[in-house]
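Trainee: I'd like to learn how to read a model like this feature by feature. Could you walk me through one?

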Amino acid sequence: MKVTVLGAAKEVGRSGFLANCNNTNILMDYGVLLKREPIFPMHVKPRDINAVVITHAHLDHSGFVPSLYLSGSTDIPALATLPTFELSELLIEDMIKISGFYLPFEYIDVVTMLKSSKKLQYREPFMVNDAKVTLHESGHVVGGASVIVEHEGKKLFYTGDINTRGSKLLRRADLDFGPIDMMIIESTYSQAEQAPREKSERELVEFAYEVIERGGTLFVPSFSVERAQEIACVFKAYNFKHKLVMDGMALKANEIMGRHPAFLRDAELFKSAVGGAEWIAGWSRRKKVVNEPCVIISPAGMLVGGSAIFYTQAIMTDEKNGIALVSYQGEGTPGRLLLDKRMANFDGKMQKCYADVKRFEFSGHNSRSELFEILDRVQGNPKVLTVHGDGPSCEKFAEEIRQKYGFDAHAPEQGEIVDV
Ligand SMILES: [Zn+2]
């Protein structure tokens with residue numbers, strides 16, 4: 001078995017790994033790196049691949065898959081769970097609306113991708129010629145999976161994005177992968193320990209009470225898939241007394257997730273949290289709700305678009321109000337500007353934010369110690385590729401794995417081919 005690294009080499013974004021099993025080629029993820037212009041992984045010829053696996057719906061894993069279907073042919077099976085297909089469609093459609101000009105495909109190619117879909121359950125093997133592909137629950141977003149590829153006695157485990165501690169919304173990742181010969185492991189937080197989840201939860205709920213009890217409104221900008229629903233579930237689990245409001249694309253994600261209770265940790269909690277929230281139906285309601293004592297959850301998580309811009313502008317003018325940042329804030333995003341400088345610049349002029357801004361850690365990725373817990377469970381003596389992190393995170397992580405476990409670990413370059 002050989003693996004070609006097409007993307008996510010010493011960077012977060014545009015994941016793509018090609019597993020070559022003699023004459024069978026299985027592409028694992030094919031995502032985009034979202035910058036002002038989207039950046040794509042290395043090219044593969046669609047006719048050279050036999051199947052594509054999508055670990056989860058986030059665009060840095062799913063966003064470039066439609067480019068494999070430009071010919072209109074449905075010959076390449078796309079493998080993922082049903083929620084991953086539905087959430088990918090939602091996110092890719094939105095990306096086409098925003099960045100369509102830069103993309104080599106259109107919505108019709110997304111339709112072809114969906115026509116080619118083979119919906120897998122977790123642990124349900126799928127044969128691609130004589131190679132076996134199995135998805136394991138990854139705990140990262142609804143429907144998210146790690147991938148196992150087996151061929152001629154060799155076994156590869158690709159974590160995808162992984163969360164082994166679980167959350168209010170999701171069960172923990174399934175790490176029962178057995179002896180392996182190669183591991184491709186994400187390195188996002190390999191050099192960072194995040195705050196314990198309960199601490200973030202408690203502090204967020206306390207902040208919400210503080211803001212509302214002084215007569216303010218709390219705005220929680222959140223990614224529409226997973227984070228928005230996770231935050232709603234946190235408030236519900238803490239029996240939060242005040243009104244919860246959800247808006248934007250998070251509502252469509254709510255509907256999709258609600259259709260797949262088997263993929264949720266606690267479907268009842270999800271139903272009461274999301275069902276108990278007010279879903280904003282239009283502009284007249286949106287304009288009123290910013291003056292009510294409530295918590296508003298709406299995308300985008302980094303304030304790059306969606307109704308988050310309206311909410312930030314409305315909420316930031318009053319010091320009674322609060323803004324809780326619960327997502328990663330990338331360099332150069334309006335969310336980062338707000339966090340670092342307490343300023344916003346949406347329509348060409350810098351404005352001061354008077355509302356109280358706080359940041360809370362709610363990552364869907366493993367922390368450093370949890371990544372090592374995965375490695376502690378490894379049986380066999382696998383080659384390890386550290387990917388999906390910035391350069392130092394991937395390189396340092398590989399060095400630590402070599403020292404601690406003696407595995408042949410390194411941070412691959414884009415285009416590198418690794419033999420097992
Ligand atoms: Zn992800």
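Mentor: We'll go through the metal site, some loop residues, the helix packing and a few backbone oddities. Keep in mind that this is a predicted model.

Trainee: Let's start with the metal. Which protein atoms are the donors of the zinc ion?

Mentor: List the donor atoms first, then look at their distances. Here you have NE2 of His56, ND1 of His58, NE2 of His140 and an OD atom of Asp161, lying 2.2 to 2.3 Å from the zinc ion. Along the chain, the donors follow the spacing H-x1-H-x81-H-x20-D. Histidine 56 and aspartate 161 link distant parts of the chain, as they are 105 residues apart. Histidine 56 sits in the loop between strand E4 and helix H1, and aspartate 161 in the loop between strands E10 and E11. Both histidine 56 and aspartate 161 are buried.

Trainee: And why is the arrangement of the four donor atoms irregular?

Mentor: Check the angles. Four donors count as tetrahedral if all angles lie between 85 and 135 degrees. The angles here run from 90 to 172 degrees, so the arrangement around the zinc ion is irregular.

Trainee: Which residues is histidine 388 in contact with?

Mentor: Skip the sequence neighbours within four places, then see what remains. For histidine 388 the contacts include Asp161, along with Asp60, His61, Glu186, His365 and Cys394. Histidine 388 lies in the loop between strand E20 and helix H12, and its 3% relative accessibility means that it counts as buried.

Trainee: What about lysine 10: where is it, and what does it touch?

Mentor: Lysine 10 is in the loop between strands E1 and E2. At 22% relative accessibility, it counts as partly exposed. Beyond residues up to four places away, lysine 10 touches Gly389, Asp390, Gly391, Cys394, Glu395, Ala411, Pro412 and Glu413. Glutamate 395 is 385 residues from lysine 10 along the chain, yet their C-alpha atoms are separated by 7.9 Å.

Trainee: On to helices. At what angle do H2 and H6 cross?

Mentor: Take the axis angle, then the residues that meet. H2 and H6 cross at roughly 170 degrees, with axes coming within 10 Å, so the two helices are roughly antiparallel. Glu86, Leu87 and Leu90 of H2 meet Lys252, Ala253, Ile256 and Met257 of H6. That contact has five nonpolar, no polar and two charged residues.

Trainee: How does H2 pack with H3?

Mentor: Their axes are 10 Å apart, at an angle of about 170 degrees, which makes H2 roughly antiparallel to H3. From H2, Phe85, Glu89, Ile92, Glu93 and Ile96 meet Tyr107, Val110, Met113 and Leu114 of H3. By class, this contact divides into seven nonpolar, no polar and two charged residues.

Trainee: Which residues of H9 are buried?

Mentor: Ala308, Phe310, Tyr311, Thr312 and Ile315 are the buried ones. They pack against strands E12, E15 and E16 and helices H8 and H10.

Trainee: Last, which backbone values should catch my eye?

Mentor: Most residues other than glycine have a negative phi, and most peptide bonds are trans. In this model, glutamate 152 has a positive phi of about 45 degrees, and glutamate 226 has one near 85 degrees.

Trainee: Are those two glutamates buried or exposed?

Mentor: Glutamate 152, in the loop between E9 and E10, counts as exposed at 59% relative accessibility. Glutamate 226, in the loop between E12 and H5, is buried, with a relative accessible area of 4%. For the peptide bonds, look from proline 299 to alanine 300: that bond is cis, with omega near 10 degrees. Alanine 300 is in the loop between E15 and H9.

Conventions
Residues are numbered from 1 along each chain as its sequence is written. This is a predicted model: local features need pLDDT of at least 70, side-chain atom pairs count only at pLDDT 80 or more; totals for chains, interfaces and linings use all residues. Side-chain values use heavy atoms; hydrogens and water are left out. Axes are lines fitted to C-alpha atoms, for helices over the stretch in contact, and angles run from 0 to 180 degrees between N-to-C directions. Helices (H or I, at least four residues) and strands (E, at least two) are DSSP runs, numbered from the N terminus. Angles under 35 degrees count as roughly parallel, over 145 as roughly antiparallel, 65 to 115 as roughly perpendicular and the rest as oblique. Contact means heavy atoms within 4.5 Å. Ala, Val, Leu, Ile, Met, Phe, Trp, Tyr, Cys and Pro count as nonpolar, Asp, Glu, Lys and Arg as charged, and the others, Gly among them, as polar. Donors are N, O and S atoms within 2.8 Å of the metal (3.2 Å for Na, K and Ca); water is not among the atoms, so sites may look incomplete. Four donors count as tetrahedral if all angles lie between 85 and 135 degrees; four count as square planar and six as octahedral if opposite donors are over 155 degrees apart and all others between 65 and 115; anything else is irregular. Buried means under 20% relative accessible area, exposed over 50%, partly exposed in between (1.4 Å probe, protein chains only).
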